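These are my notebook entries on one protein chain. I set down what I looked up, one topic at a time.

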Amino acid sequence: MSISTKEWSNKNGSGDQTCTCGTWEEHWLNFSNESWPESCSVEGCLNSATVGAHVINPQIFGERIVPMCGLCHQSRGSFNLKTNIAVPSAVTEKTCNQE
């Protein structure tokens with residue numbers, strides 16, 4: 001199943017969430033099986049990816065993590081992701097905190 005790159009937004013209020021990976025960047029690395037990208041995952045942005053950002057999409061269940069720059073991470077509107085960006089789940093019960 002292909003995940004849409006359209007109509008994503010930042011998940012507000014996720015700053016206090018943690019996982020056993022240590023950081024959300026490490027979480028993305030662990031569950032994307034890819035190298036950290038040089039640039040932000042937001043379409044049209046060439047800034048350096050500096051955070052693992054919690055994002056949501058109305059057509060997809062649960063929060064996801066993507067590499068993002070600080071400026072895009074502050075965005076309150078919707079945005080599109082670049083094609084071929086991995087968007088692993090941020091639901092720790094289904095990823096790093098599985099028993």
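**Entry 1: Thr-50 and its surroundings**

I began with Thr-50, which I located in the loop between H1 and S2. The model I am reading is a predicted one. I then asked which residues Thr-50 is in contact with, leaving aside its neighbours within four places in sequence. I found Trp-36, Met-68, Cys-69 and Gly-70. For one of these partners, Gly-70, I looked up the separation: it lies 20 residues from Thr-50 in sequence, and the two C-alpha atoms are 6.5 Å apart in space.

**Entry 2: The sheet**

I turned next to the strands. I recall that strands of a sheet pair through backbone hydrogen bonds, either parallel or antiparallel. Which sense applies to the pairing here? I found it to be antiparallel, in an open sheet of three strands with the order S1-S2-S3. Strand S1 (9–10) and strand S3 (60–68) are the edge strands, and each pairs on one side only. I also noted helix H1 (residues 24–32), which packs on the sheet and touches S2 and S3. The direction of H1 makes about 110 degrees with that of S3.

I then took the pairs of strands in turn. S1 pairs with strand S2 (residues 51–57) over two bridges, in the antiparallel sense. In this part of the sheet I saw Ser-9 standing opposite Ile-56 of S2.

How many bridges join S2 to S3? I found six, with the two strands running antiparallel. I recorded two facing pairs here: Ala-53 is opposite Val-66 in S3, and Gly-52 is opposite Pro-67 in S3. The connection from S2 to S3 is a hairpin, made through two residues.

**Entry 3: Burial of the strands**

I asked how far the strands are covered. A residue counts as buried when its relative accessible area is under 20%. By that cut-off, five of the seven residues of S2 are buried, and I recorded S2 as mostly covered. For S3, seven of the nine residues are buried, so I described this strand as largely enclosed by the rest of the structure.

**Entry 4: The largest pocket**

I looked for empty space next. Rolling a probe the size of a water molecule over the atoms shows where such space is left. The largest pocket has a volume of about 230 Å³. Its lining consists of 15 residues, and those closest to the centre are Lys-11, Ser-14, Gly-15, His-54 and His-73. Which element gives the most to the lining of the largest pocket? I found that S2 does, with four residues. By character, the lining divides into three nonpolar, ten polar and two charged residues.

**Entry 5: Thr-20**

I placed Thr-20 in the loop between S1 and H1. Is Thr-20 buried or exposed? Its relative accessible area is 57%, which is over the 50% cut-off, and therefore I recorded Thr-20 as exposed. Not counting residues up to four places away in sequence, Thr-20 touches Cys-96 and Asn-97. I also looked up its separation from Leu-81, which lies 61 residues away along the chain. The C-alpha atoms of Thr-20 and Leu-81 are separated by 26 Å.

**Entry 6: Two asparagines with positive phi**

Finally, I checked backbone angles. Asn-33 has a positive phi, near 60 degrees, and is a residue other than glycine. I found Asn-33 in the loop between H1 and S2. Asn-33 has 70% relative accessibility, so it counts as exposed.

Where is Asn-84 found? I located Asn-84 in the segment after helix H2 (70–73). Although Asn-84 is not a glycine, its phi is positive, at about 65 degrees. Its relative accessibility is 73%, so I entered Asn-84 as exposed.

Technical notes
Residues numbered from 1 in each chain as written. Predicted model: local features only at pLDDT ≥ 70, side-chain atom pairs only at ≥ 80, totals over all residues. Heavy atoms only, no water. Pairing = 2+ DSSP bridges. Contact = heavy atoms within 4.5 Å. Axes fitted to C-alpha atoms, helices over the stretch in contact; angles between N-to-C directions. 1 Å grid on protein atoms, 1.4 Å probe; cavity = no way out; pocket = protein on both sides within 12 Å on 5 of 7 lines; lining within 4 Å. Points joined across faces, edges and corners; volume = space filled by probe spheres on them. Nonpolar A, V, L, I, M, F, W, Y, C, P; charged D, E, K, R; others polar. Buried < 20%, exposed > 50% of the residue type's maximum accessible area, 1.4 Å probe, protein only.
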